[in-house]
Each structure stands twice: as C-alpha cells, then as structure tokens.
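Q: Please take one part of this predicted model and examine it closely. I should like to know how it is placed and what surrounds it.

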Amino acid sequence: MKSVGEVMAIGRTFEETIQKAIRAIDDRFTGFGESEMVDDIDYELLNPTDMRLFAIAAAFKKGYSVDKIWQMTNIDKWFLTRLFKIHTLESAISITSIHPSLLRRAKQMGFSDRHLGACLGSNELAVRRLRQENYIAPFVKQIDTVAAEFPAFTNYLYTTYNASEHDVRFDDRGVMVIGSGVYRIGSSVEFDWCAVRAIRTLREQGRKTVMVNYNPETVSTDYDEADRLYFETISLETILDIYELEQSQGVILSMGGQTPNNIALPLYRQNVKILGTSPEMIDTAENRFKFSRLLDKIGVDQPLWKELTSFEEARAFCQKVSYPVLVRPSYVLSGAAMNVVYTEADLSNYLSQATAVSREHPVVISKYIEQAKEIEMDAVAKDGKLVMHYISEHIENAGVHSGDATLVLPPQDLDPETVRRIVDATQKIGNALNVTGPFNIQFIAKNNDIKVIECNLRGARSFPFVSKVTGVDAVEMATKVMLGIPVEA
C-alpha cells in the first residue's frame, strides 16, 4: 500500500497550500525545496515517485527551466510556474536581512518560520519575533461548506496570510487537543480514537474544545466533534499561533502519538500551558541518556545499550555484549527501521544499507535477549501515583515491533512474580517522572527478570484496545486527571 502518507492542506493560493501539504507529510520537510533523499534528479523527473516534488525543487536550483521540466514530467505548466515562483522567492531572500514587505510576501506564499530561518541562517523563533514586531500574523478563515449559497457558520477553520480579517471571534478560550497528523498504518486510527475520546470527555465536562489536525481520514477532523476544528499542520509555529489567537486554557499533547510530543518542550519554553505531565519530564523519557540515568537511579533494569557514531565503535560494542543485537537509527519514530543483527557481516551490511553512521546520524545498539517475552504496560497516573494500569502480553516473542505485534489482555502466560515486578517498576517510573495523565512502558521479560525497553509519556496505540476489553476508558480517565477532576482509582 503506497498511499500511506495522505494529508490535506487548506489555503487561499496554490503556493501557500502546497507548502503546507509538504510540511504535513513529514516534519523533516520545511516546504518546497531540495531534499537529501533525491539522488538522481533526471530519473525522478522522468519516473513518477514520491520524491518527484523534491526533484523539481532540486532541478530549479540547478537551473532547469519550466519548459524543460514540463517536457520531462508532463506536469501542467500552470503548476510548474507556481512552483518556480516559490523557488524564485526563496532565492531572493537575503542571508543578512529581510524587509517586512518581503517577509509578508513569503508568508503569503506559504513559507514557514522554520524554512525562512534556514534561508536567513537564523532560527524559527527569531523569524517569529520579526513577524510579531512587524504585525505579520495569520488570519483565521472558515471553510464554506455550503458553496456560497448562504452564509456559512461552520467551525471548520484554517489559517492564512492571504486575508485581511478573521471570520470568527475568539471568546471561547477552549482547551486544545492536538491530533496525530499524517495518516500512518498502525497509528492514525488508534491515536485518533484517543484524541476523539479526550475531546468528548472535555465536552461532557462542559469545557470548550479546539481540535488541531490535518488528516482527512479521521473522526477528529469531523467538524461536529469539537467546538472548533483547525485543519492545520502540527508544528511549533502553527500551535503557537492558534494558542495565542484562541487564548486557550491549555493544550493536551498526549493523545496524538509522537508528533505532538516532539514539540512539547519548545511549546513549554514559549510559556504554553501544557496539561498533564511536564514537558521537561517528557524530554527525560524521550532522551535515551537521561532516561537511562533515571532507570539506574531508581533501580529499574534495562538492556545494555549504546549510541554509536562509527562502524568501528558499533563493532566493538557488539563484540563486548555478544550477538544478537537490536540496531536502529537514533531519533526514529515508532520504532521504524529496527533490525535484529546476528553476525558482524549482518551488522556491516545493515549499517551500510540503512544509514551512513556519523556524529550527525548515530545508531543505537541494544543487547537483544532471545526467547524473551514483550509486555505492554498502559497506565494512567496523577502526580506520579498510579490511578489505573493495564498489562497486555505480546503473543510473539520480543523483537516484533509493538505496531505489528498481536496483544492479548489479560495476559495468559505470565508468572505472577513477573506481573508483580512490572507493576512495581511502573510505579517507580511514574513516580520518578511525576506523571499526570497517560503513559506506556514496554518491558522485556525472561525467567522473571524484567527490563524496560522504552517509556512514552503519552497515550499509546494499545489504549483503545485495553479500554474496550476492560470497559474502563483509559483516555477518559487520563483527560479527567489532567484537568484535575477526581477519578475513581
């Protein structure tokens, strides 16, 4: 299935909308521009692949004309001309300074603050400050769902710089819930369920709600689910803009999977009120070094691991801990690109194919424990104390990623002592991270010896499963905990 990666973007010009859509596909992309993933420009232009848009950007940079690209791609010149306009404007942005009128034009053509920061040799927040100093801000517009036959009063909204006034008033001060973003098999539906249950719980409690998501295949983007739906990219810039406009009471990041979690700390540093666990603690759990030190401190075991920046280092570590080992590029989402390696030849082959190991692109290698069970712990805590927990057993042995694994609840083949140790370790970790809200820990167990693989301070893809099987809604409970509403443990 090659269509995974579906997004939808809404704007008032093609240039603005295509750049939004490119950013929505993956956080690595800042907009229409070159990509390291394009090796052969001519091949990509002649053969339609998902890299073609980036090949067009690279071709413009190399001096290809609209006519030449049209001959190679047969893409209508209307589109190519507009893409060329984006390229021309990017080239015009000076390295030393940018005039307010040029900045406004760039924003109207869909350039993000991060993209402009890269062009200027600056950063996203510096561009944001420059925008604010020059009163350059987005306007909120409604999507007309009635084809202009009579006035539209929907709460289906988007932001644009190609406008002169807002279509709505900002009186609600609603709680923002951030969705899961781009469509992905094994994550979107599960996290969408979490986001929708959070929204419904908030509305049941009489709170106004604001949903931010851009996945057309979800229930959370049905415009009658929340009081306001922003069909927008999930990025620091966009969430800050909407948060400030709505004067929101707070933001729930823990229901949309990894995408919202990635911007938790930057939002917190911009004084955004994050409901639930502190973003500093989210960072502690996400950062392998900090989390490893924390586990050592509280006496919870973990597999031997190391982050390595060269093949020689990787080979030496593997010889020290003995094969097999689990290898994955650092900073990958949802365990993508993981591989079990059994020999030095396999290691060499994997590292040369999967990634160029370097200081900028390290790999994480963990000791792989054979014939071990993987156990999923989903939990809700308040101020570090467990309120509810669910233990699911993976039918497959450890090594099958949790997104692909078959889970069973209640566990069928776990020793009571293993269960006791898992609950004890979960309590220790929840307390050390002062968790308020949902969290998920993956354990590996063999002969009653348990080790922590990873911990995510957010709802996990198993939350809908455990909630439906037990009849106890983990997301409803977590949402109430984050709002400070009493729940029954």
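A: The account below begins with one helix and its neighbours, then turns to a strand and one residue of its partner strand.

The model is a predicted one. The helix in question is H3, spanning residues 52-61. Eight of its ten residues are buried, so H3 is largely enclosed by the rest of the structure. The buried set consists of Arg52, Phe54, Ala55, Ile56, Ala57, Ala58, Ala59 and Phe60; Leu53 and Lys61 are absent from it. A residue counts as buried here when its relative accessible area is under 20%. The enclosure is provided by other helices: the buried residues of H3 pack against H1 (14-25), H2 (41-46), H4 (66-73) and H5.

Two of these neighbours can be described in geometric terms. Two packed helices are described by the angle between their axes and the distance between the axes. For H3 and H4, the axes come within 10 Å and cross at roughly 150 degrees. Because angles over 145 degrees count as roughly antiparallel, H3 is roughly antiparallel to H4. The crossing of these two helices is right-handed. At their interface, Arg52, Ile56, Ala59 and Phe60 of H3 meet Val66, Ile69, Met72 and Thr73 of H4. Just after H3, Gly63 adopts a positive phi of about 100 degrees.

The packing against H5 (residues 77-92) has another geometry: the axes lie 10 Å apart, at an angle of about 60 degrees. That angle is neither under 35 nor within 65 to 115 degrees, and it is not over 145; H3 and H5 are therefore oblique to each other. This crossing, too, is right-handed. On the H3 side the participants are Leu53, Ile56, Phe60 and Lys61, and on the H5 side they are Leu80, Leu83, Phe84 and His87. Ile56 and Phe60 thus appear in the contacts with H4 and again in those with H5. An α-helix has 3.6 residues a turn, so residues three or four places apart point the same way.

A strand elsewhere in the chain offers a second view of a buried element. In S3 (residues 175-178), Val175 and Val177 point one way while Met176 and Ile178 point the other, and all of them are buried. In a regular strand the side chains alternate between the two faces of the sheet. S3 runs parallel to S4 (residues 209-213), to which four bridges join it, and Val177 stands opposite Met211 of S4. S3 is also paired in the parallel sense with S6 (residues 250-252), over three bridges; there, Met176 has Val251 as its bridge partner.

Val212 belongs to S4 and, at 0% relative accessibility, is buried. Leaving aside residues up to four places away in sequence, Val212 touches Met176, Val177 and Ile178, together with Gly179, Tyr230, Glu232, Thr233, Ile234, Ile239 and Ile242. Its C-alpha atom is separated by 16 Å from that of Phe139, 73 residues apart from it along the chain.

In short, H3 is largely enclosed, being roughly antiparallel to H4 and oblique to H5, whereas S3 is joined in parallel to S4 and to S6.

Notes. Residues numbered from 1 in each chain as written. Predicted model: local features only at pLDDT ≥ 70, side-chain atom pairs only at ≥ 80, totals over all residues. Heavy atoms only, no water. Buried < 20%, exposed > 50% of the residue type's maximum accessible area, 1.4 Å probe, protein only. Pairing = 2+ DSSP bridges. Axes fitted to C-alpha atoms, helices over the stretch in contact; angles between N-to-C directions. Left-handed = near helix turned anticlockwise from the far one by under 90°. Contact = heavy atoms within 4.5 Å.
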